[in-house]
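User: I would like to go through this model and ask, label by label, what each one rests on. Please set the values against the cut-offs as you go.

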Amino acid sequence: MNMTMKEGSTKPNSVPLSEALPSSLENALASLATHSRKIFSLKFGSLLLLALSVSWLALFASDRLWDTPVWARMALSCSGWGAALAFAWMIRRTAFDRSGSRKWLARQVRNRFGGPGDRLLGIIELTDKRHEEHTSYSESLYTAALKRVEGEVSNLSLDQTFDRKPAKRTGLAASAFVLGLLACFLVYPDLSENASWRWAVPW
């Protein structure tokens, strides 16, 4: 997509970045960002709960077989908490930081839909450059490309950009293990309380 004018023909643009794209594209990207936050929050939030639940249940089962030594308790507990912290960081990074980036969202559209997403990314990159000083571009070509992208994006099912299956699978797995943990507390309350102390303070 070549939208460059001859050298020396520059046209600085003073339009605020938030107003640079048509409202339809801005709304589509905002909706996609919300969708992304929900999916990745569910996915990594479920993995966080799964890591803690598996860690606790492993220690509970180990204590039923033998007197779990300190090193084993620390390994089980620290692995669970370490994984949970990693998934919490991934929630922050992907569900919020990355989902707030228009370029990142456009790349995901490109990965899913190909050409339309690639052209959307190109328009976003060009829009950003229009706000830089000494940037050359053809206003007519930019407007034509913008209209084309606007039409293409309106015909895409953007809610299909992200695969929901991994989030659903991890959500079901986390639910199953959390229910198993709660069942232990209902059936063996004293043993579960003791296991919880040994898991929280393994040394």
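Analyst: One point beforehand: the model is predicted. A fair place to begin is helix α6, residues 165-187, which has 23 residues.

User: How do you know that the length of α6 agrees with its number of residues?

Analyst: The expected span is 1.5 Å times one less than the number of residues. For the 23 residues of α6 that gives 33 Å, and the end C-alpha atoms are 33 Å apart, so the two agree.

User: Which residues of α6 are buried, and what do they pack against?

Analyst: Ala167, Thr170, Gly171, Ala174, Leu181 and Cys184 are the buried ones. They pack against α1 (23-65) and α7 (189-200).

User: Why is Cys184 called buried?

Analyst: Buried means under 20% relative accessible area. Cys184 has 13%, so it counts as buried.

User: And what makes Cys78 partly exposed?

Analyst: The partly exposed class lies between the 20% limit for buried and the 50% limit for exposed. Cys78 is at 46%, and therefore partly exposed.

User: How many disulfides does the structure have, and what would make a pair count as one?

Analyst: A search of the whole structure finds zero. To count, a pair of cysteine sulfur atoms has to be within 2.5 Å.

User: What about α7: how do you know that its span agrees with its residue count?

Analyst: The twelve residues of α7 should span 16 Å at 1.5 Å a residue, and its end C-alpha atoms are 16 Å apart, so the span agrees.

User: Which residues of α7 are buried, and why are they said to be on the same side?

Analyst: The buried residues in α7 are Ser192, Ala195, Ser196, Arg198 and Trp199. They cover an arc of only 165 degrees around the axis, and so they are on the same side of α7. Asp190 and Trp197 are exposed, on the face turned away from that buried side. The packing partners of the buried residues of α7 are α1, α2 and α6.

User: Why is Trp199 called buried, and what does it touch?

Analyst: Trp199, in helix α7, has a relative accessible area of 11%; the limit is 20%, so Trp199 is buried. Not counting residues up to four places away in sequence, Trp199 touches Leu52, Ser55, Trp56, Leu59, Ser77 and Trp81. Its C-alpha atom is also 9.9 Å from that of Ala58, although the two are 141 residues apart in sequence.

User: Trp89 is a tryptophan too; what is its class, buried or exposed?

Analyst: Exposed means over 50%. Trp89 has 52% relative accessibility, so it counts as exposed. Trp89 is found in helix α2, and its C-alpha atom is 9.1 Å from that of Phe44, 45 residues apart in sequence.

User: What makes a set of residues a nonpolar core, and which residues have the most contacts inside the largest one?

Analyst: The members are buried residues of the nonpolar kinds, joined through side-chain atoms within 4.5 Å. The largest such core here has 45 residues, and Trp56 and Leu120 have the most contacts inside it. Each of α1, α2 (70-97), α3 (102-113), α4 (115-129), α5 (139-154), α6 and α7 supplies at least two of its residues. The largest share, 17 residues, comes from α1.

User: What does Trp56 touch?

Analyst: Apart from residues up to four places away in sequence, Trp56 touches Leu181, Cys184, Phe185, Ser192, Ala195, Ser196 and Trp199.

User: Why is Glu152 called buried?

Analyst: Its relative accessible area is 18%, under the 20% limit, so Glu152 counts as buried. Glu152 lies in helix α5 and, leaving aside neighbours within four places in sequence, is in contact with Pro116 and Arg119.

User: Why is Ser157 only partly exposed?

Analyst: Ser157 is at 41%, which is between 20% and 50%, so it counts as partly exposed. Ser157 lies in the loop between α5 and α6. Its C-alpha atom is separated by 9.4 Å from that of Phe113, 44 residues apart along the chain.

User: Finally, how many helices and strands are there, and what share of the residues is buried?

Analyst: The protein has seven helices and zero strands. Of its 203 residues, 40% count as buried. Among contacts with a separation of 6 or more, 82% join residues 24 or more positions apart. The protein exposes about 11800 Å², of which carbon and sulfur atoms supply 60%.

Terms used: Residues are numbered from 1 along each chain as its sequence is written. This is a predicted model: local features need pLDDT of at least 70, side-chain atom pairs count only at pLDDT 80 or more; totals for chains, interfaces and linings use all residues. Side-chain values use heavy atoms; hydrogens and water are left out. Helices (H or I, at least four residues) and strands (E, at least two) are DSSP runs, numbered from the N terminus. Buried means under 20% relative accessible area, exposed over 50%, partly exposed in between (1.4 Å probe, protein chains only). Contact means heavy atoms within 4.5 Å. The arc is that of the directions from the helix axis to the C-beta atoms. Accessible areas come from the Shrake-Rupley method with a 1.4 Å probe; for residues, only the protein chains shown count as cover.
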